[in-house]
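Have the sequence at hand and turn the structure slowly as you read. We will go through it together, one region at a time.

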Amino acid sequence: MKRNNKKKKLLALTLAAAFLASPVALSIADHASAAASSSKFKITAQPFNIEGAKTSIGTINKEGSTYIALRNFNTALGLVTNFDKNTQIAKISGNDRLLEINLKSNAITLNNQLIAGPQVIVQDNTTYLPLRFLLERMGYEIAYEQSTKLIGIHAIQENDLQIQSEVIGADGDGKSLSVYYPVISGYSNVEVQQKINAFLKQEADKHAAAGSTEMDPVVKGNNEILAGDPKAEVRQPSLDGRYTVTYNEKGRLSLYVDYYVYSGGAHGITARVPYTFDLATGDLLSLKDVIEKNANYVSVINNEIKEQIKSRKLSLIAPFETIEANRDYFLNRNGVVIYFTQYEYTAFADGMPEFVIPYSAFK
């Protein structure tokens, strides 16, 4: 399995830029949910269509997001839920996933990996969870019909495999490193499973080692400051890697890993590394491999991106003309996703804008 040199250089340059610019921001853990809300929210009867069965469930609307009571995940959605009053941890399991929400620390984990998420709402001794955020991570598709105000939910028919998390962690010597990576299991083709797992582990090791090396100059500078003044305040550099599975259907597995680099300045830098695998062979698929053999795929994607930039009124710091033929991408249920890296075309505050190119556009 090969990764092109462009991707390797991009990550290396991003890591280097992060430390040269002395960026920082909140760590990924800090981006997780904030403290539970103490405001009083109105409970509204919301019509649902769950796997073809229509029902009505009391929900809370907060800033345009629908929240549902924890107990209703059991009764209406068929997921297994549990809440431990002593530890204040809510657990939701189903579809080979385990999601845990710690109401004390506000930490959220999915299959043992820390993930970022919105705050929960605790009202009248009832915990309400953000419906779309949680269900999409639990393997469900959610649709909303504007005319009927009906929320439709059904389970996604995913590939028959499970995904768990492993972590490469090190904390000491003036720096912190935590890189999560996925491990698949239960797949019928053991050879392909081993091939993908070996590759993802190798990638995680490589990026963790590169990040550790990049942090060394910052550690050295901090040590010099402390040698002159042991009471001086210095900020410990860190590297956090978190993966997101975006597509696990029809014999393909697509995901990306965000490597967040913090070196003590105003904000951090995130480098995104995507992977899409053919589960028949275990090989990586290029952008050209997934676009229905459309020779004009670059033009199709360019036109779609330009239209979306216009419709979203996205402000650019540099004009967008075209993508590269081997542009990084990932898949989701709606299409091929192209994204701008930080500072590529937009300001830092815009993050990494994503553009979903519908599969139908390539036919």
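What follows is a walk from the whole chain to its pocket, its cavity, a helix and a few single residues.

Keep in mind from the start that this is a predicted model. The chain is built with 6 helices and 20 strands. It has 363 residues, and 47% of them count as buried. If you consider the contacts with a separation of 6 or more, 58% of them are between residues 24 or more positions apart. On the outside, the chain exposes about 18,200 Å², with carbon and sulfur atoms supplying 50% of that area.

Now for the empty space. Rolling a probe the size of a water molecule over the atoms shows where such space is left. The second largest pocket holds about 440 Å³. It is lined by 22 residues, and those closest to its centre are Asn61, Gly64, Ser65, Thr66 and Tyr67. To find the surroundings, look for β1 (44-50), β2 (53-62), β3 (65-69), α4 (131-137) and β11 (140-145), the elements that each give two or more residues to this lining. Strand β2 makes the largest contribution, with 4 residues. In character the lining is mixed: 10 residues are nonpolar, 7 are polar and 5 are charged.

Two loops that adjoin strands of this pocket region deserve a stop. Glu51 lies in the loop between β1 and β2, and its phi is near 50°, a positive value in a residue other than glycine. Is Glu51 buried, partly exposed or exposed? With a relative accessible area of 48%, Glu51 is partly exposed, because that value falls between the 20% and 50% limits. The other loop runs between β11 and β12 (150-155), and Lys149 is found there. Lys149 also has a positive phi, near 60°, and is again a residue other than glycine. Its relative accessibility of 39% makes Lys149 partly exposed.

From the open pocket, move on to the enclosed spaces. How many cavities of 30 Å³ or more does the count give? The count comes to 2. About 40 Å³ of space lies in the largest cavity. Its lining is made of Tyr180, Tyr181, Pro182, Leu200, Glu203, Ala204, Val257, Tyr259 and Tyr275. The elements that give two or more residues to this lining are β14 (175-185), α5 (190-228) and β16 (252-262). Here 8 of the lining residues are nonpolar, none is polar and 1 is charged.

Strand β16 also carries Tyr256, a residue worth selecting in your viewer. Tyr256 counts as buried because its relative accessibility is 10%, and the cut-off for buried is under 20%. What does Tyr256 touch, leaving out residues up to four places away in sequence? Its partners are Arg242, Tyr243, Thr244, Thr246, Arg272, Val273, Pro274, Phe330 and Glu354. Thr244 is 12 residues from Tyr256 along the chain, yet their C-alpha atoms are separated by 5.5 Å.

The last stop is helix α6, residues 297-311. You can check its length yourself: at 1.5 Å a residue, its 15 residues should span 21 Å, and the end C-alpha atoms are indeed 21 Å apart, so the two values agree. The buried residues of α6 are Tyr297, Val300, Ile301, Asn302, Ile305, Gln308 and Ile309. There is a pattern to look for when you read that list. An α-helix has 3.6 residues a turn, so residues three or four places apart point the same way. The cover over the buried residues of α6 includes β19 (335-339) and β20 (354-358).

Take Ile305 as an example from this helix. Ile305 is buried, with a relative accessible area of 0%. Setting aside neighbours within four places in sequence, Ile305 is in contact with Phe320, Ile323, Ile338, Phe340, Phe355 and Ile357. Of these partners, Phe320 is 15 residues from Ile305 in sequence, and the two are 8.8 Å apart in space, C-alpha to C-alpha. Finally, just after α6, Lys313 takes a positive phi of about 55°.

Key: Residues numbered from 1 in each chain as written. Predicted model: local features only at pLDDT ≥ 70, side-chain atom pairs only at ≥ 80, totals over all residues. Heavy atoms only, no water. Buried < 20%, exposed > 50% of the residue type's maximum accessible area, 1.4 Å probe, protein only. Contact = heavy atoms within 4.5 Å. Areas by Shrake-Rupley, 256 points an atom, 1.4 Å probe, with all protein chains shown as cover. 1 Å grid on protein atoms, 1.4 Å probe; cavity = no way out; pocket = protein on both sides within 12 Å on 5 of 7 lines; lining within 4 Å. Points joined across faces, edges and corners; volume = space filled by probe spheres on them. Nonpolar A, V, L, I, M, F, W, Y, C, P; charged D, E, K, R; others polar. Expected span 1.5 Å × (residues − 1).
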